[in-house]
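Biologist: Before we discuss this structure, I should like to see it. I shall then ask how each descriptive term is justified.

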Amino acid sequence: MTSEARGTGRYAPSPSGDLHLGNLRTGLIAWACARKAGLGFVMRMEDLDERCRPEYVETQLRDLSEIGMDWDGDVLFQSDRIDAYNQVVSELLERDLVYECYCTRADIKDAPRAPHAPPGAYPGTCRDLTEVEREQGRQKLAPMDRGPALRLKTANDQLTIIDRICGEFTGHIDDFVVRRGDGAHAYNLVAVVDDEYQNVRQVVRADDLLESTPRQVYLQKLLGYETPEYVHVPLVLNRGGKRLAKRDGAVTLDALHREGWSTQQVFALISESLGIQGDNSADFLDQFSINSIAREPWIFDSETLPRS
């Protein structure tokens with residue numbers, strides 16, 4: 001059986017800036033997990049956000065190739081997949097599984113919630129409106145130059161998923177958005193649809209997305225999709241315990257090059273954070289084990305790096 005027949009792993013960055021060490025580390029882990037499991041490996045650009053730029057597509061793919069990652073087939077761009085997302089939304093509409101929502105962020109913030117619902121959960125305000133109330137909602141949004149969002153009708157219950165690193169995780173499934181009021185499709189929808197399209201059977205990504213996973217698994221089940229294995233990797237944080245960002249200094253491959261670091265030295269730094277000795281992808285893959293990924297984040301401080 002070919003790796004493509006067995007399924008794929010994937011890496012799906014958003015081209016809204018250069019990749020930093022945390023992105024590169026997660027990408028390498030995703031690549032190694034898939035290759036070790038005998039799966040194919042595909043690349044996807046999540047380029048629906050208005051901040052995305054073509055030049056970042058080029059630099060991201062260049063950096064990923066430079067550190068030794070390879071992928072099967074062409075890069076998939078979400079901006080080329082709008083028809084596919086619309087088709088799934090149409091299916092949900094036909095099955096009466098979505099409804100229009102006219103709430104603003106302020107409306108949702110101020111609305112009362114059920115006692116068991118977590119902060120930020122949608123309280124179902126627009127779920128059972130009359131047609132007159134719906135028309136009033138559309139009129140309310142008209143001056144804002146936006147239409148209603150579409151929310152998925154759920155059981156408003158909890159769902160437990162099993163993550164390879166994090167173990168059991170239980171999340172509340174509210175009536176989450178599948179298409180925003182500006183017409184853009186929501187991440188929870190497009191990620192699920194694209195994973196099915198690319199035959200993804202292993203999802204490796206940063207653990208800040210763990211909370212969204214029960215929603216995605218719920219949608220997979222509604223659409224009859226197979227649920228992949230999930231591997232949520234701890235983030236790379238700065239010395240203040242915050243998510244790594246450009247303001248933390250030399251954190252991108254290009255910036256580290258300007259500080260005198262070679263690609264091999266950067267690779268060795270990432271490898272060392274995972275207990276691997278080596279400065280290339282062959283050594284990394286040979287020594288890599290998914291079971292050796294620590295649950296704690298990697299704390300990175302560019303100020304303490306030795307200068308080459």
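Modeller: Let us begin with one definition: a residue is buried if its relative accessible area is under 20%, exposed if the value is over 50%, and partly exposed in between. Please bear in mind throughout that this is a predicted model.

Biologist: Why is E229 called partly exposed?

Modeller: The relative accessible area of E229 is 28%. Buried requires a value under 20% and exposed one over 50%, so E229, at 28%, is partly exposed. This residue belongs to strand β10, residues 229–233.

Biologist: Which residues are in contact with E229, if neighbours within four places in sequence are left aside?

Modeller: They are R164, R201, Q202 and V203. As for Q60, which lies 169 residues from E229 along the chain, the two C-alpha atoms are separated by 25 Å.

Biologist: What makes D145 exposed, and N199 partly exposed?

Modeller: D145 has a relative accessible area of 73%, and the cut-off for exposed is over 50%, so D145 is exposed. N199 has 24%, a value between the two cut-offs, and is therefore partly exposed. D145 is placed in the loop between α6 (131–141) and β5 (149–152), while N199 is found in the loop between α7 (187–197) and β9 (200–206).

Biologist: What is notable about the phi angles of D145 and N199?

Modeller: Most residues other than glycine have a negative phi. D145, however, has a phi near 60°, and N199 has one near 55°. Both values are positive, and neither residue is glycine. Positive phi values also follow two helices: G224 takes about 80° just after α8, and G275 takes about 75° just after α10.

Biologist: How do you know that helix α8 is largely enclosed by the rest of the structure?

Modeller: Helix α8 covers residues 213–223, and 8 of its 11 residues are buried, so the helix is described as largely enclosed. The buried residues are T213, P214, Q216, V217, Y218, L219, Q220 and L223.

Biologist: Why is strand β2 described as largely enclosed?

Modeller: In β2, residues 40–45, 6 of the 6 residues are buried, so the strand is largely enclosed by the rest of the structure. G40, V42 and R44 point one way, F41, M43 and M45 point the other way, and all are buried.

Biologist: What makes β1 and β2 a pair?

Modeller: Two strands pair if at least two bridges are found between them. Strand β1 (residues 8–11) and β2 have 4 bridges, in the parallel sense, and Y11 has M43 of β2 as its bridge partner.

Biologist: Why are β4 and β8 called edge strands?

Modeller: The open sheet has 3 strands in the order β4-β5-β8, with antiparallel pairing. β4 (98–101) and β8 (177–179) each have a single partner strand, so one side of each is left without a neighbour in the sheet. The twist averages 45° from one strand to the next. β5 and β8 pair over 2 bridges, and R151 stands opposite V177 in β8.

Biologist: Why are α2 and α10 called roughly perpendicular?

Modeller: The axes of α2 (residues 21–36) and α10 (residues 263–273) cross at roughly 70° and come within 11 Å. Angles of 65 to 115 degrees count as roughly perpendicular, and the two helices therefore receive that description. The crossing is right-handed. L21, L24, R25 and L28 in α2 meet V266, F267, L269, I270 and S273 in α10. By class, this contact has 7 nonpolar, 1 polar and 1 charged residues.

Biologist: What makes α7 oblique to α8?

Modeller: These helices pack at an angle of about 55°, with their axes 10 Å apart. Roughly parallel requires an angle under 35 degrees and roughly perpendicular 65 to 115, so α7 is oblique to α8. Y187, N188, L189, A191 and V192 of α7 make the contact with R215, Q216, L219, Q220 and L223 of α8. The classes here are 6 nonpolar, 3 polar and 1 charged.

Note on methods
Residues numbered from 1 in each chain as written. Predicted model: local features only at pLDDT ≥ 70, side-chain atom pairs only at ≥ 80, totals over all residues. Heavy atoms only, no water. Buried < 20%, exposed > 50% of the residue type's maximum accessible area, 1.4 Å probe, protein only. Axes fitted to C-alpha atoms, helices over the stretch in contact; angles between N-to-C directions. Parallel < 35°, antiparallel > 145°, perpendicular 65-115°, else oblique. Left-handed = near helix turned anticlockwise from the far one by under 90°. Contact = heavy atoms within 4.5 Å. Nonpolar A, V, L, I, M, F, W, Y, C, P; charged D, E, K, R; others polar.
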